[in-house]
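Trainee: I would like to go through this model and hear the reasoning behind each label. Where should we begin?

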Amino acid sequence: MFEFFKKRFRKSVDKFSEEVEKEAEKEIKKEKPKKVKKPKEKEIKEKKAEKKKEERKETKEEKEKIKKEVEKKEEVKDIEQEKITEEKEPEEEEAEEKKKGFVSKFREKISTISLNEDKFEELFWELEVALLENNVAVEVVEKIKNDLKKELTEKRILRKNIEKTIERTLKESINELFEQESFDLVKKIKEKNKSNEPYIIAMIGVNGSGKTTTLAKMARMLQKEKLSVVLAASDTFRAASIEQLQKHADRLKVKMIKHDYGSDAAAVAYDAIEHARSKNIDVVLIDTAGRLHSNKNLMQELKKVINVSKPDLKLFVGESITGNDCVEQAKIFNEMVGIDAIILAKADIDEKGGAAVSISYVVKKPILYIGTGQEYDDLEEFKPEIIMENLGL
Ligand SMILES: Nc1nc2c(ncn2[C@@H]2O[C@H](COP(=O)(O)OP(=O)(O)O)[C@@H](O)[C@H]2O)c(=O)[nH]1
Ligand SMILES: [Mg+2]
């Protein structure tokens with residue numbers, strides 16, 4: 001899962017860090033001679049003048065004594081501070097202190113870096129391409145880029161912390177993509193059941209995204225939680241869809257409500273809900289026909305199913321591998337009927353993972369589960385850590 005993304009992302013992040021460090025190196029080299037020269041020349045001049053003044057006053061004896069002391073000090077400093085040795089004409093303790101202060105200040109300056117925006121854009125380019133190539137949505141790339149830019153161009157960061165700062169900023173930025181409030185589905189179902197009402201879930205999405213398979217996986221998951229379920233075969237449009245769901249119902253040993261092909265999908269959902277009410281069943285799972293927003297009739301039909309069944313949860317099932325298309329579809333379905341949460345099916349065969357990184361941020365809905373295979377148990381609760389681990393962050 002997300003293997004390609006992981007490799008490509010890691011490589012680009014490492015390269016980016018390396019480039020920024022190289023840039024820091026360059027900046028330091030540029031600053032060095034300029035900044036060293038100015039204050040030093042001034043200081044040396046001052047000291048020479050001072051020295052002459054004092055020389056006039058001093059006796060020969062005193063002079064000798066000071067000279068010796070100075071020589072001694074110089075030996076020690078030679079070892080400690082190669083940088084300032086050449087220009088050293090140390091006469092007094094006070095001058096020495098001044099110099100030290102200046103040196104440490106200078107060192108601090110050369111060890112911090114701040115990129116200009118053009119340089120940042122240039123260096124970020126490869127990471128940007130890596131993100132886009134892995135199906136990360138444009139608005140998400142922009143968000144990550146802006147967060148990183150702020151950190152690297154508006155603040156001065158310690159040179160030794162460049163890599164750490166980049167890693168930390170990326171981690172925070174990507175974590176923020178999953179801030180949509182998630183919820184405990186089983187808990188919600190049990191709350192609704194307290195009022196003797198079934199909890200109603202409708203699966204929506206385009207054709208082939210994994211709605212029917214995911215519905216069956218959810219039925220299994222709910223059974224494990226000791227919840228009873230009934231299935232509504234509201235995909236009355238696609239050939240063999242009713243038989244496909246019937247097979248799952250048989251295997252899972254649950255009741256399925258069906259009408260004929262071409263009949264009113266909303267009526268099927270209605271009947272299933274009535275059945276659940278009369279038999280005290282906890283959850284109604286409504287399968288629907290896959291549709292594109294361009295198919296007006298099917299969209300109208302979906303709206304009718306939603307209006308009639310009034311689901312507690314409208315689950316958008318998207319196909320992880322379709323990347324940006326999946327994100328765009330979620331946006332459209334959200335505008336059309338309003339979705340509450342997302343399941344990303346086929347994450348197991350998605351090398352990239354851009355949809356998983358982007359969809360929640362773009363649509364402002366949480367990802368509840370990811371589909372990780374074709375078996376009933378291949379449904380995993382979604383956790384942002386899955387993504388962070390896969391990105392090596
Ligand atoms: N590898 C994998 N295949 C899946 C997953 N979910 C669904 N599929 C397969 O995707 C195909 C379409 O699924 P289906 O449930 O019929 O899609 P629907 O048209 O939205 O109802 C089927 O062959 C499923 O077995 C998953 O999480 N992983
Ligand atoms: Mg189906």
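Mentor: With a term: a helix here is a DSSP run of H or I with at least four residues, numbered from the N terminus. By that rule helix 9 covers residues 211–224, and it gives the most to the shell around ligand 1, with three residues. Keep in mind that this is a predicted model.

Trainee: Which residues come nearest to ligand 1?

Mentor: Gly 210, Lys 211, Thr 212, Thr 213 and Gly 371 come nearest, out of 18 residues around ligand 1.

Trainee: What classes of residue make up the shell around ligand 1?

Mentor: Twelve residues of the shell are polar, four are charged and two are nonpolar. Gly is counted as polar in this scheme.

Trainee: Why is Val 229 called buried?

Mentor: The label needs 20 or more other C-beta atoms within 10 Å. Val 229 has 26, so Val 229 is buried. The residue sits in strand 4, residues 229–234.

Trainee: What does Val 229 touch, leaving out residues up to four places away in sequence?

Mentor: Contact requires C-beta atoms within 7 Å. The partners of Val 229 include Ala 219, Leu 222, Val 254, Ile 281 and Asp 282. In the case of Asp 282, the two residues are 53 apart in sequence, yet their C-alpha atoms are 6.0 Å apart in space.

Trainee: Why is Asn 280 called exposed?

Mentor: The cut-off for exposed is 12 or fewer other C-beta atoms within 10 Å. Asn 280 has 10, so the label applies. Asn 280 lies in the loop between helix 11 (265–279) and strand 6 (283–288).

Trainee: What is the sign of phi at Asn 280?

Mentor: Positive, at about 60 degrees, although Asn 280 is not a glycine. Lys 364 also has a positive phi, near 65 degrees, and is a residue other than glycine.

Trainee: Is Lys 364 buried or exposed, and how do you know?

Mentor: Lys 364 has 12 other C-beta atoms within 10 Å. Exposed means 12 or fewer, so a count of 12 still qualifies. Lys 364 is therefore exposed. Its place is the loop between helix 14 (354–363) and strand 9 (367–371).

Trainee: How many helices and strands does the chain have, and what share of its residues counts as buried?

Mentor: The chain has 15 helices and ten strands. Of its 393 residues, 36% count as buried. Among contacts with a separation of 6 or more, 77% are between residues 24 or more positions apart.

Technical notes:
Residues are numbered from 1 along each chain as its sequence is written. Chains are lettered from A and ligands numbered from 1 in the order in which they are written. This is a predicted model: local features need pLDDT of at least 70, side-chain atom pairs count only at pLDDT 80 or more; totals for chains, interfaces and linings use all residues. Helices (H or I, at least four residues) and strands (E, at least two) are DSSP runs, numbered from the N terminus. Two residues are in contact if their C-beta atoms, placed from the backbone, lie within 7 Å. A residue is near a molecule or strand if its C-beta atom, placed from the backbone, lies within 6 Å of it.
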